[in-house]
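Student: Could we go through this structure together? I'd like to know where the descriptive words come from.

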Amino acid sequence: MTDDAVVRVRNLRFSYGPGLPDVLRDVDLTIRAGELVALLGQNGAGKTTLAKHLNGLHRPTAGTVEVAGRPVQGQPLAQLARTVGFCYQNPDHQIFSSSVEKEVAFGPHNLGFPPEKVTELVTAALDLVGLSGERDTHPFSLGRGQRQLVAVASVLAMDPPLLVIDEPTTGMDRVGATQVMELLTTWAGSGRSILAITHDMDLVTEYIPRAMVMAGGRILADGPTQDVFRRDDVLKEAHLVAPAPVVISDRLRPYGLPRCRSIAEAVEHIAAVHAGGTCASRL
Amino acid sequence: MPVGYSVYRDTGSAVHRGVDPRTKMAWLLTLFAVALCFNHPLVLGVFMVAVLLVAVAARLRWRDLRGFILLAIWLIALSLIIWPAYISEGRHLARIIGIDFTTDGLLFGLAMGLRITLMIFAAAIWMLTTSPQRITAGLLAIGLPYKVGLALSSTIRFIPLMHAERTTILEAQRARGLDLSRGNPIRRMFRAAPVLVPLFSRAFLTTQTLTVAMDARGFGAGKGRTSIVTLHFGTVDRVLTAAAALTVAVAVLCRVMGWGVLIEGTL
């Protein structure tokens, strides 16, 4: 294992029981410190099942899963919670406390951090998600987007080296979704790794540098997001559609438009053409 | 593990297709009556075997029944520990942690465990072999108002849904370091708030959403509601229902006469 590998999965196979078909087949995966990785695929492709192997909710039928240099097998889930933060798609599956602060402090308390450390972690997490002003608010009085941020903060407060986040932007408006992606980028920038399961291809193109595509329990492609989205065979097999910035960039490539991560970036380049000269002449 | 969203398992067996839901309900109530009339483990054991034979005839799989079987083993074991503390009749066998275990105490404990197990299995096989739509249709056919029938079948429908919700919530909280495997049952019960609060909240929210969604689709708009399910109460049903009535009559008679009762004056 390379020194900075946080996750190392080798030849992973998994089925829900004897005689049942494999839902994960020969999965190999390495995630390094500070990497922000998107896991893409149709519903039922095996994304969440794979993710649940990282925090021990599922145990492999065959193969190995190592997180932070230690095999997941044999480690109790409560112990793995120190290393792997898992944020569920629906915040209402985990929120139970009467205030945002208590909710965010739940995880750090479970891990046995001293009170002053818990306060510090909670403050940092709430600052990061922009909910510092809502410490005493009842979480259920917040909107869906803000409850999602509470859920994210409650996992970030545990300060795990690896964060697995399932559909972080589902049900959120564009402003909220952008906010989540920006905080994930900031978090990854501090040296932590993130595996984000998502269907939002536009956000992946704009914010996530590495993408993995799954279909039928296998990883079909793994690489720089811009390259993965240009593999028509992979997108077709995974029933995915390349996001608009990628399509626009490719169509206008003969005219000198570079690869763009967002519509705004493409528009900026096209506008530059109208302002004077071709894309190519400006590159 | 993926959780099924309905208890019902359609194997296409004669128990599923060949028996009217009203007949199954009659037998469900009959088995409840039998379980309450007798308290001899032998009699209850015979009925338990009969119920398991129905499960085999219905081609239910081990996987469908595993949870109920584990629950039954746990209940019988618990009953074998609790009841000897209250029953002193019979031959003395041993004294463990201050409880005198006697033959009658153990047999009565076994009977009480079997009594609950019989009722659970009867209800489980009824739900596993009857679709929610046919349960509702059966309840309507015996004269229950539609809303009551729907409420009952929805309750059954909600069991696996709530189980799935509970599994997800438990996973989410365990991922945040919640460990409910340690400590005594009382402490664990109090520490289960992080699971119970979201579970109840989700249950209320789901119910509220369902109510609004049903209203929006014209629920209760007026009389003359039609149904996609048609029932047929044939000869087999008539014979089985008559047998059920006879079984209840015999069970009540036995109870009055004191037959099939392990210890006089007990439940």
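Student: Why are H6(B) and H7(B) called roughly antiparallel to each other?
Tutor: Take the angle first: helix H6 (residues 132-141) of chain B and H7(B) pack at about 150°, with their axes 9 Å apart. Angles under 35 degrees count as roughly parallel, over 145 as roughly antiparallel, 65 to 115 as roughly perpendicular and the rest as oblique. The angle of about 150° falls in the "over 145" class, so H6(B) and H7(B) are roughly antiparallel. By the way, this is a predicted model, where local features need pLDDT of at least 70, side-chain atom pairs count only at pLDDT 80 or more, and totals for chains, interfaces and linings use all residues. Residues are numbered from 1 along each chain as its sequence is written, while chains are lettered from A and ligands numbered from 1 in the order in which they are written.

Student: What makes up the contact of H6(B) with H7(B), by class?
Tutor: Eight nonpolar, three polar and one charged residue. (Ala, Val, Leu, Ile, Met, Phe, Trp, Tyr, Cys and Pro count as nonpolar, Asp, Glu, Lys and Arg as charged, and the others, Gly among them, as polar.) On the H6(B) side you'll find B:Ile135 and B:Leu139, among others, and they belong to a contact that includes B:Leu150 and B:Arg157 of H7(B). "In contact" means that the C-beta atoms of two residues, placed from the backbone, lie within 7 Å.

Student: Why are H7(B) and H9(B) called oblique to each other?
Tutor: Helix H7 (residues 146-174) of chain B and helix H9 (residues 193-216) of chain B cross at roughly 140°, and their axes come within 9 Å. That angle is in none of the named ranges, so "the rest" applies and the pair is oblique. Their contact includes B:Ile169 and B:Leu170 of H7(B) and B:Pro198 and B:Leu199 of H9(B). By class, this contact has eight nonpolar, one polar and three charged residues.

Student: How many helices and strands does chain B have?
Tutor: Ten helices and two strands. Here helices (H or I, at least four residues) and strands (E, at least two) are DSSP runs, numbered from the N terminus. In order, the elements run α-α-α-α-β-β-α-α-α-α-α-α.

Student: Over in chain A, why is A:Ala221 called partly exposed?
Tutor: Count its neighbours: A:Ala221 has 19 other C-beta atoms within 10 Å. Buried takes 20 or more, exposed 12 or fewer, and partly exposed is in between. With 19, A:Ala221 is therefore partly exposed. A:Ala221 lies in strand S10 (residues 218-224) of chain A and touches A:Met212, A:Val213, A:Val228, A:Arg231 and A:Val234, not counting residues up to four places away in sequence.

Student: What share of chain B is buried?
Tutor: Buried residues make up 28% of its 267 residues.

Student: How many residues of each chain take part in the contact between chains A and B?
Tutor: The contact takes 20 residues from chain A and 19 from chain B. On the chain A side, H3(A) supplies the largest share, three residues. That side divides into 13 nonpolar, six polar and one charged.

Student: And which domains is chain A divided into?
Tutor: Domain 1 (1-83 + 161-173 + 194-240), domain 2 (91-159) and domain 3 (243-283), with bounds from an automatic or database domain assignment. The C-alpha centres of domain 1 and domain 2 lie 25 Å apart, and seven residues of domain 1 are in contact with seven of domain 2.

Methods:
Axes fitted to C-alpha atoms, helices over the stretch in contact; angles between N-to-C directions.
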